[in-house]
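Here are some worked exercises to try with the model open beside you. Have a go at each task before reading its solution.

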Amino acid sequence: MSHLPFRQGFLTVSLIVSLSEYDIDFLISGSAPANLLEGFVYPIVSHWVWSSDGWASATRTSGSLLFGSGAIDFAGSGVVHMVGGIAGLWGALIEGPRIGRFDRSGRSVALRGHSALTFEFQHASLVVLGTFLLWFGWYGFNPGSFLTISKSYNTSNNYYGQWSGVGRTAVTTTLAGCTAALTTLFGKRVLVGHWNVTDVCNGLLGGFAAITSGCAVVEPWAAIVCGFVAAWVLIGCNVLAEKFKYDDPLEAAQLHGGCGSWGLLFTGLFAKKQYVHEVYATGRPYGLFMGGGGKLLAAQIIQILVIIGWVSATMAPLFYALKKLNLLRVSAEDEMQGMDMTRHGGFAYAYHDEDGSAHTPIGFMMRKVEPASASPSPMHNSTGIVV
């Protein structure tokens with residue numbers, strides 16, 4: 001119970017779901033899944049994998065371990081990211097694509113203001129700012145999961161202990177995220193022919209989501225491998241999403257679900273014997289590619305399958321029921337006009353005359369704020385809106 005407030009702080013799963021569903025009526029259809037996910041679905045998975053008596057836990061203190069190993073998910077590639085990603089997948093899948101997202105021939109259409117391809121300056125700036133905030137927070141998310149720092153590993157080196165593991169975890173986290181960001185940047189440049197700052201941000205977060213499972217038990221060079229593969233997992237998931245006309249506006253399910261799954265597999269392949277024994281216990285299986293056999297990898301695969309099954313069995317029926325009750329999605333009129341106006345009474349961004357007609361929302365344009373001494377332009381009414 002002493003760790004409950006800390007673990008509850010990991011409840012980003014409901015945010016992941018909301019990112020996958022751009023046009024939900026959040027008061028009802030957003031709060032209901034969030035409450036179920038945070039109050040029931042996530043705590044169950046957290047207990048299975050992180051509790052000292054969880055059946056899949058690598059820290060289990062009584063009874064036998066899963067495959068003699070337990071599933072290593074140090075900070076939550078599966079428990080946090082996969083849970084949110086799979087829930088978001090079902091939400092967006094049942095809700096369906098946004099109006100106009102795909103044309104009659106099935107080709108993808110970049111929606112203005114909704115897509116990385118059409119972000120205004122304000123959108124991109126906020127995306128980058130949010131990414132840096134998440135980046136900073138990840139150092140509490142991953143190194144902070146050690147819970148203690150002043151712990152010796154009982155070695156002959158007095159300078160080596162859990163504090164070394166905390167530092168190594170920060171390094172592996174950084175390397176995986178940065179590698180994924182750069183790989184996504186150049187990979188998408190080759191594939192689509194242009195640079196995109198939002199791709200960099202999503203790639204970075206994909207690398208973080210992947211390394212979160214094994215950040216404490218892998219070498220720094222392995223973290224680079226993790227980030228490189230995570231970038232291509234994210235790109236591949238996005239290609240599949242477009243092919244099957246799955247519309248996730250912010251790639252949340254692909255990023256957290258896809259990269260989180262890869263992170264669990266990565267740990268089963270690259271976990272180092274020394275670090276596994278230091279962080280968990282001596283004699284434990286370690287990564288397949290590091291000479292530790294396949295037991296840890298088998299436990300990781302079981303965790304992936306169980307999370308997919310559990311989250312699907314609990315969240316998909318809820319989203320389906322909300323859809324049947326017409327509570328999952330706002331009306332077509334609200335969706336076309338934008339919920340900034342219809343639900344929140346104002347515009348999220350100010351569009352100025354000099355931005356050009358190509359950047360002007362249909363039906364309105366915000367004028368520049370004039371000095372107090374200047375008289376209003378006759379082209380504008382008293383509200384400053386051109387009709």
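### Exercise 1: A buried residue in a loop

E251 has a relative accessible area of 16%, and a residue counts as buried under 20%, so E251 is buried. Keep in mind throughout that this is a predicted model.

Task: find where E251 sits, and work out what is notable about its phi.

Solution. Start with the location: E251 belongs to the loop between α8 and α9. Next, check the backbone: phi of E251 is near 60 degrees, which is a positive value in a residue other than glycine.

Now turn to F67, which also has a positive phi without being glycine, near 55 degrees. F67 is found in the loop between α3 and α4. Its relative accessible area is 41%, so F67 counts as partly exposed.

### Exercise 2: What holds on to R60?

Task: locate R60, then list which residues it contacts beyond its neighbours within four places in sequence.

Solution. First, R60 lies in the loop between α3 (26–50) and α4 (77–95). With 22% relative accessibility, R60 is partly exposed.

Second, leaving aside neighbours within four places in sequence, R60 is in contact with S52, D53, G54, W55 and L65.

Third, look at the polar atoms. The R60 side chain reaches the backbone oxygen of D53 at 3.1 Å. A polar atom of this side chain also lies 3.1 Å from the backbone oxygen of G54.

Finally, for a sense of the fold here, the C-alpha atoms of R60 and W48 are separated by 9.7 Å, with their positions 12 residues apart along the chain.

### Exercise 3: Reading helix α4

Task: decide whether α4 is largely enclosed or open, and find what follows it.

Solution. Begin with the length: α4 has 19 residues and spans 25 Å from its first C-alpha to its last, close to the 27 Å expected at 1.5 Å a residue. Then count burial: 16 of the 19 residues are buried, so α4 is largely enclosed by the rest of the structure. At its end comes G96, whose phi is positive, near 90 degrees.

### Exercise 4: Classifying an aromatic pair

Task: the structure holds 13 aromatic pairs; what kind of pair do W221 and F270 make?

Solution. The ring centres of W221 and F270 are 6.0 Å apart and the planes meet at 80 degrees, so this pair is edge-to-face. The pair links distant parts of the chain, since W221 is in helix α8 (residues 220–243) and F270 in helix α9 (residues 252–270), 49 residues apart.

Compare their surroundings: W221 is partly exposed at 45% relative accessibility, whereas F270 is buried at 10%.

Aromatic rings appear elsewhere too: F132, W135, W138, F141 and F208 form one aromatic cluster. Two arginines sit over ring faces: R168 over Y275, at 3.6 Å from the ring centre, and R189 over W195, at 5.2 Å.

### Exercise 5: Into the core

Task: how many residues make up the largest nonpolar core, and which helix gives the largest share of them?

Solution. The core has 64 residues, and those with the most contacts inside it are F74, I211, V217, F266, V279 and V311. Helix α11 (residues 295–324) contributes the largest share, 9 residues.

Then zoom in on V217: beyond residues up to four places away in sequence, its contacts include I72, F270, Y275 and V279.

Terms used
Residues numbered from 1 in each chain as written. Predicted model: local features only at pLDDT ≥ 70, side-chain atom pairs only at ≥ 80, totals over all residues. Heavy atoms only, no water. Core = buried A, V, L, I, M, F, W, Y, C linked by side-chain atoms within 4.5 Å. Buried < 20%, exposed > 50% of the residue type's maximum accessible area, 1.4 Å probe, protein only. Helix = DSSP H or I, 4+ residues; strand = E, 2+ residues; numbered from the N terminus. Contact = heavy atoms within 4.5 Å. Phe/Tyr/Trp six-rings, centres within 6.5 Å; stacked < 30°, edge-to-face > 60°. Lys NZ or Arg CZ within 6 Å of the ring centre and 35° of its normal. Polar contact = N/O pair within 3.5 Å; in protein donor to acceptor, adjacent residues only side chain to side chain. Expected span 1.5 Å × (residues − 1).
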